[in-house]
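Please open the structure in your viewer and keep the selection tool ready. The tour proceeds from one selection to the next.

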Amino acid sequence: MKTIDNYHFQGKKALIRVDFNVPLDDQFHITDASRINAAIPTINKILDEGGSVILMSHLGRPKEGPEDKFSLKHLLPYLSEKLGLDVQFANDCVGQEALDLASSLKPGEVLLLENLRFYKEETKGDESFAEKLARLGDVYVNDAFGTAHRAHASTAIIASFFPDEKLFGYIMGNELKNIGKILHDPQRPFTAILGGAKVSGKIEIIRNLLDKVDNLIIGGGMMFTFIKAMGGDIGNSLIEEDLVELARETLVEAGNIGTRILMPIDAVAASAFENDAEKIVCKAGEIPEGWMGLDIGPETQLLFADVIKSSKTLLWNGPMGVFEMSNFEAGTKSVALAVAETTGKGAFSLIGGGDSVAAINKYGLAKQVSYVSTGGGAMLEYIEGKQLPGVVAVTTDQ
Ligand code: AMP
């Protein structure tokens with residue numbers, strides 16, 4: 001893998017695509033700086049070796065040109081403090097000012113560029129815009145895994161202007177290494193736990209994982225499309241009618257190749273989509289008319305925990321129920337605890353996708369699993385077996 005570990009940055013200007021798309025409050029204070037913090041090791045490695053750094057990122061979704069609330073200048077105080085130096089700022093990511101600031105940058109100095117998405121050309125993957133950005137640095141480093149599934153100017157197209165000098169930063173390197181580990185070289189048994197609201201977002205992942213995993217656990221709202229496919233009664237639970245047939249085919253295919261699919265035996269059903277609604281425990285395929293399944297039931301918790309605890313590799317994406325409501329979080333919490341316990345006994349566990357990351361954090365278990373992916377959509381596409389443009393652009397010789 002072409003990572004920054006294989007490069008010496010002395011005297012070089014590194015143009016780094018980072019993901020500084022952090023949440024800001026009304027006063028433009030950063031409310032969660034984890035994305036910035038994650039990029040610090042990459043920046044420091046370059047500075048420590050006598051290189052200089054030019055940082056480029058998007059922030060929010062500006063509609064038409066520059067908007068103060070999406071300016072990256074709001075990040076300057078935090079970034080300067082975190083790096084222990086005065087970070088310079090270019091009011092435009094391309095153009096004369098950026099060129100002048102970049103060319104006068106000395107070893108050990110850092111320049112932050114204004115929001116890339118103030119130009120439509122960024123998301124369009126415009127080549128001449130990418131070329132203007134490319135003029136700013138000697139070497140290109142991609143450390144924005146969260147946007148690696150997009151063929152944007154700064155995430156993919158730009159790489160062709162650095163045929164021999166394009167590299168992955170530490171965030172990218174870690175994501176690819178850890179996701180690669182489960183996709184290409186998992187210790188067995190390998191169990192994937194998939195949940196969340198919709199089958200539509202997960203069906204490609206399920207199908208790509210079918211011949212890779214030993215066990216596939218299905219929970220969350222999407223389990224009801226599978227239960228319906230098996231002829232069960234699901235009451236008012238979430239359902240994607242147009243996917244029932246594909247769910248049925250998937251179950252048949254799993255049977256043919258010998259992959260064990262584990263579906264809930266029982267469920268917690270509620271009279272309404274509210275934390276204080278009346279609730280009952282019933283068989284997963286016998287949800288009464290007018291009730292909706294909002295969590296896996298206690299028997300299912302035990303079944304899933306047993307399978308998880310006998311695994312050597314675990315991939316978890318998506319909650320088992322509506323874990324945001326305390327009365328329907330037990331299933332998700334029990335899976336989180338089982339994954340953490342199994343990791344403690346030597347298994348490798350990877351947690352990914354927004355809501356399972358939120359769940360593992362909610363239960364304070366993030367340090368007790370092997371790897372928490374920051375990728376979101378990029379991680380899901382990678383697991384679906386898709387080529388990520390941001391990855392391909394750096395790995396292929398052009
Ligand atoms: P996703 O973004 O597809 O991973 O879905 C995550 C969301 O699914 C969370 O907000 C959960 O509250 C929701 N969810 C999980 N289980 C259910 C369920 N049985 N019914 C409705 N929503 C659910």
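On a 1 Å grid over the protein atoms alone, a pocket is an open set of points with protein on both sides within 12 Å along at least five of seven lines. A molecule sits in a pocket if more than half of its atoms lie within 2 Å of its grid points. Select the ligand: the space that it takes is the second largest pocket.

The model is predicted, so to speak of local features requires pLDDT of at least 70, side-chain atom pairs count only at pLDDT 80 or more, and totals for chains, interfaces and linings use all residues. Residues are numbered from 1 along each chain as its sequence is written, and side-chain values use heavy atoms, without hydrogens and water.

Next, display the residues with a heavy atom within 4 Å of the ligand. There are 16 of them around the ligand, and the closest are A197, G221, G293, E324 and D355. By class, this shell holds seven nonpolar, five polar (Gly among them) and four charged (Asp, Glu, Lys and Arg) residues.

Which atoms of the ligand should be selected at A197 and G221? An oxygen atom of the ligand is 2.9 Å from a polar backbone atom of A197, and a nitrogen atom of the ligand is 3.0 Å from a polar backbone atom of G221. At E324, an N or O atom in the side chain is 2.4 Å from an oxygen atom of the ligand.

Finally, colour domain 1 (4-168) and domain 2 (176-383), bounds that come from an automatic or database domain assignment. Their centres, taken over C-alpha atoms, are 36 Å apart. Five residues from domain 1 and eight residues from domain 2 make the contact (heavy atoms within 4.5 Å).

Technical notes: A polar contact is a pair of N or O atoms within 3.5 Å; within protein, one must be able to donate a hydrogen and the other to accept it, and residues adjacent in sequence count only if both atoms are side-chain atoms. On a 1 Å grid over the protein atoms alone, a cavity is a set of points where a 1.4 Å probe fits but cannot get out, and a pocket is an open set with protein on both sides within 12 Å along at least five of seven lines; lining residues have an atom within 4 Å of a point.
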